Amino acid sequence: MSGRRSIENLALVGFMGCGKSSVGRLAAKDLGFEFVDSDALVEERAGIPISEIFATEGEAAFRRLERETLAELETRTGQVIATGGGAIVDPENLASLKRHALVVCLWAGAEAIHERTKHQSHRPLLQGDDPLGTIRRLLAEREPVYKQADVIINTELRPQREVVLQVRLQFEESRKRVSASFTSSGPSGS
Ligand code: S3P
């Protein structure tokens with residue numbers, strides 16, 4: 001990681017059902033940060049739920065709102081940002097997050113994600129006849145993107161409280177490393 005990188009915020013990325021919002025809320029509390037859910041901001045801006053945006057205006061319209069919302073968060077500090085599962089498929093969104101945040105990916109396998117999401121109905125992409133097949137396909141497509149996060153934490157291996165702790169420790173360590181490297185090289189890197 002470059003010493004010049006600014007880590008003002010913590011961004012959680014990863015597939016639907018990996019716990020970004022619940023882990024994010026708890027991590028924000030621990031860090032004394034504001035919790036921001038990009039999906040909720042998109043819904044606020046559109047005035048309708050995400051499922052309705054998909055149904056009436058299509059996925060492309062949702063992605064446009066998502067990109068605008070994430071871009072606006074760049075100027076703010078002290079936030080834990082839970083992103084939507086498809087947000088960093090757009091490389092500009094990942095680049096934007098990496099300009100101001102440590103990007104932590106929460107990971108789980110397809111079967112575990114299916115177990116966690118199968119009784120929920122608010123995710124338009126998982127409402128088809130074969131949600132497990134969709135999860136497997138999208139997860140395989142997105143895996144190379146999720147691997148570009150700064151840190152990947154497997155949420156299947158530990159209870160949620162421990163995931164939160166890992167997220168917080170990684171964040172604090174990264175901030176220390178960045179500020180140590182900033183101090184040793186000077187603000188201009190000279
Ligand atoms: C999506 C994930 C959802 C939401 C939208 C699309 C995706 O967010 O942004 O339904 O493409 O994976 P969560 O990951 O919070 O469910």
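Q: What makes the space taken by the ligand a pocket?
A: On a 1 Å grid over the protein atoms alone, a pocket is an open set of points with protein on both sides within 12 Å along at least five of seven lines, and a molecule sits in one if more than half of its atoms lie within 2 Å of its grid points; the space taken by the ligand is the largest pocket. The model is a predicted one, in which local features need pLDDT of at least 70, side-chain atom pairs count only at pLDDT 80 or more, and totals for chains, interfaces and linings use all residues. Residues are numbered from 1 along each chain as its sequence is written, and side-chain values use heavy atoms, with hydrogens and water left out.

Q: Why is the pair formed by R63 and the ligand called a polar contact?
A: A polar contact is a pair of N or O atoms within 3.5 Å, and a polar side-chain atom of R63 lies 2.6 Å from an oxygen atom of the ligand, so the pair meets the definition. The backbone contributes too, with a polar atom of G85 at 2.8 Å from a ligand oxygen and a backbone N or O atom of G86 at 3.2 Å from one.

Q: How do you know that β2 and β3 pair?
A: Two strands pair if DSSP finds at least two bridges between them, strands being DSSP runs of E with at least two residues, numbered from the N terminus; β2 and β3 have four bridges, in the parallel sense, and therefore count as paired.

Technical notes: Polar contact = N/O pair within 3.5 Å; in protein donor to acceptor, adjacent residues only side chain to side chain. 1 Å grid on protein atoms, 1.4 Å probe; cavity = no way out; pocket = protein on both sides within 12 Å on 5 of 7 lines; lining within 4 Å.
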